[in-house]
Amino acid sequence: MAAASAQEPSEWDEDAAWSRPDPMTAEEREAWLDQLCEQDDDPFDAPEEYWDPESCTPPPGQDELTAEELAGVREAAADEMLALDAASTGRRGPGQAGSARVFPGESDSRAAGFGAGMAWDVMPGCAQLATAAGAAVDSEGPGDSFDGAADHELIGLVCAWDRTEAHAAARKLVAIAEVFRRNPEDGFEPEPGQMPAVVHEFTRDQLALALGESRAAVDWLLTVAWHLATRLHATLDVLRAGTISRAKAELIVRLTQHLDDSEVAAVEAKVLDRAGRLTPGGLRSAIARAVLEVAPGKARERRETAAKFARVERWAEDSGNAALMGRELPPDEVLACDQRIGWWAGELKKAGLDGGMDELRARAYLDLLLNKDSRPRRETTAGGGGDGTGRDGSGSPGGPPPAGPGAGPAPAGPGAGPAPAGPGAGPVPAGFAGQVTLTVPLGTAAGLADRPGELSGHGPIDPWLARDLVTAAAQNPKTTWCVTVTDEHGHAAGHGCARPEPKRHAKRAGPGLPGGAGFSFTPVSRDGPPGGYGTWRLRTPGDGPDLRVTLDPIDTGPCDHRFQAKGHDPGVKLRHLTQVRHATCTSPICRRPAAQCDFEHNTPYEAGGRTCLCNGGPKCRHDHRLKQQPGWNVDQQPDGTFRWTAPSGRSYDTEPTRYPV
């Protein structure tokens with residue numbers, strides 16, 4: 001029988017092959033399979049018995065696919081290929097395709113599917129994601145266990161729950177919108193299926209009772225639900241997918257309530273592509289700038305209207321102390337007050353008053369309001385006044401503090417003589433009390449455009465306020481000027497700092513722009529500098545001389561090392577240019593101003609790294625130390641992007657600062 005089984009069969013008989021009374025040996029089976037592979041005729045060539053699912057012909061007994069059905073099949077196949085690509089190349093992010101296929105040897109933990117780039121890591125928020133996340137936890141013991149899960153899988157699981165939370169919030173708000181739709185206020189009944197403009201007065205009470213919330217909190221939920229259902233459709237989509245959190249969605253609602261539908265859509269288009277990776281502070285700034293770009297007139301009207309409701313609020317803190325806050329105040333005066341508080345806090349520290357800077361600033365704040373001086377009093381000489389407590393009879397330590405930056409004469413009361421000047425005395429003078437950075441598009445300064453500006457420590461400002469501030473700053477001879485050239489995205493592509501014209505050219509080159517604010521920017525020579533970089537003339541309002549600005553490029557490709565320093569410490573220009581390219585710390589989640597950061601070598605200087613624009617950027621002291629911790633890595637790209645890789649293996653990018661354009 002063994003010899004007979006080795007003969008080449010003239011016709012393959014499935015029943016005979018698998019119903020033999022004596023099974024083949026392993027060697028016989030291998031030989032038989034080899035013979036089958038060498039046959040020219042395919043035993044599965046009968047269409048009535050076998051249908052190839054990858055063929056373009058329909059299965060036996062079914063009609064041929066229509067063009068629409070065939071297109072759907074091809075689209076599904078393309079999605080599957082994208083899913084496999086996502087899982088194999090490490091792409092990640094809400095809304096991107098993923099694959100549920102298990103890759104042997106990668107991980108055998110319950111959370112394996114949440115690893116970087118894996119199926120559940122790239123899935124948008126949904127009920128299925130919540131189910132998978134729940135199954136990734138071992139709950140059989142006394143508490144939840146994540147044994148066996150790698151760090152990157154555990155981070156992926158946290159992000160999955162975050163997307164699920166956002167998805168649930170979106171579903172909740174959609175349901176609240178339906179409650180709104182079904183309960184219009186009398187006289188505001190809309191067309192069938194449409195949202196009313198006003199909800200019934202007592203609907204909030206029903207929701208407040210059900211949710212255990214205050215009426216004010218439910219009012220806000222109804223407002224958010226209405227805006228997402230009627231105007232912010234794209235925002236609702238990214239919230240449902242888990243790309244943004246409910247807090248970020250509410251921030252978008254809050255900052256766009258005064259816009260019409262087309263303006264809201266334009267703002268969404270400007271910010272939603274990066275809303276998920278921006279911190280709340282960064283998103284607030286991006287939305288505010290987008291609103292100013294889309295509807296500058298409405299932004300100005302909103303600011304001026306809100307200023308009529310300026311107020312000072314006080315309340316009790318949970319600790320038993322109290323709080324005091326001013327609301328809707330002029331931005332320039334708030335910054336002047338903040339700088340004066342900082343100055344007096346520094347004086348208190350120099351005088352030896354105990355406490356950290358936050359505590360000293362709080363004491364300085366009260367000193368300025370109450371015209372007090374909290375500096376420790378020096379020992380008095382024999383015969384001197386005082387009550388032995390270190391304070392004078394008025395309760396102030398040595399009388400009111402001396403005049404500080406921006407201090408003016410104090411007004412005298414009825415029948416009183418002149419009062420000594422102190423940091424809390426007199427009105428705030430025009431201009432700033434100290435140094436701030438005001439960024440204004442040149443077209444706005446010249447009155448030729450209405451593009452928003454930006455005030456450091458405050459954020460985006462409308463064009464009219466920007467013009468007022470930059471014109472006021474021009475009246476101060478101590479004001480310094482810089483010009484930054486940006487690309488279409490607002491990234492710095494060139495920069496120059498102004499210096500006075502040489503004395504032989506100190507006379508005005510001519511009048512300012514007609515109808516403008518007195519600003520102009522013209523080439524020094526008739527033909528202008530080659531390529532746009534080189535020397536330009538900047539004219540500012542007033543009678544002072546023109547200024548010269550030499551624009552240098554900020555490389556976004558291979559670096560020519562023109563600003564490289566020979567030693568470890570950067571030169572003044574190099575440090576300044578890194579702070580121009582990144583106005584804040586280069587961490588994706590830090591917004592500390594670059595001027596308060598270290599110049600950090602991406603590749604350490606001791607390891608051969610250059611002190612150059614291509615190998616340096618601002619990092620706050622915390623993030624400087626963080627980057628040096630084991631497992632952390634930062635790569636600097638030629639365009640100025642910093643890619644941070646955490647110990648989990650996940651990477652996060654920081655793009656250069658986006659300036660007003």
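In this predicted model, glutamate 328 counts as partly exposed because its relative accessibility is 38%, a value that falls between the 20% limit for buried residues and the 50% limit for exposed ones. Glutamate 328 lies in the loop between β2 (322-327) and α14. Its backbone is worth a second look: phi is positive, at about 55°, although this residue is not a glycine. Most residues other than glycine have a negative phi.

A similar case turns up further along the chain. Histidine 561 is not a glycine either, and its phi is also positive, near 60°. The residue sits in the loop between β10 (547-553) and α18 (572-581). With a relative accessibility of 26%, histidine 561 is classed as partly exposed.

The loop that holds glutamate 328 leads to helix α14, which covers residues 331-350. How far apart should the ends of this helix be? At 1.5 Å a residue, its 20 residues should span 28 Å, and the end C-alpha atoms are 29 Å apart, so the expected and computed values agree. Several residues of α14 are buried, among them Leu335, Ala336, Arg340, Ile341, Trp344, Ala345 and Leu348. Pro331 belongs to this buried set too. What do these residues pack against? Their partners are α15 (357-370), β4 (453-455) and α17 (463-474). Just after α14 comes glycine 352, whose phi is positive at about 95°.

Helix α15, one of those packing partners, can be checked for length in the same manner. Its 14 residues reach 20 Å from the first C-alpha to the last, close to the 20 Å expected at 1.5 Å a residue. The buried residues here are Leu360, Ala364, Asp367 and Leu368. They lie on the same side of α15, because they cover an arc of only 95° around the axis. The general geometry of a helix helps in picturing this: an α-helix has 3.6 residues a turn, so residues three or four places apart point the same way.

Which residues are exposed on the other side of α15? These are Asp358, Glu359, Leu369 and Leu370. On the buried side, the cover over the residues of α15 includes α14, which fits with the packing seen from α14, where α15 is among the partners. Just after α15, asparagine 371 takes a positive phi of about 55°. A positive phi thus appears just after each of these two helices, in glycine 352 after α14 and in asparagine 371 after α15.

Conventions:
Residues are numbered from 1 along each chain as its sequence is written. This is a predicted model: local features need pLDDT of at least 70, side-chain atom pairs count only at pLDDT 80 or more; totals for chains, interfaces and linings use all residues. Side-chain values use heavy atoms; hydrogens and water are left out. Helices (H or I, at least four residues) and strands (E, at least two) are DSSP runs, numbered from the N terminus. The expected span of a helix is 1.5 Å times one less than its number of residues. Buried means under 20% relative accessible area, exposed over 50%, partly exposed in between (1.4 Å probe, protein chains only). Contact means heavy atoms within 4.5 Å. The arc is that of the directions from the helix axis to the C-beta atoms.
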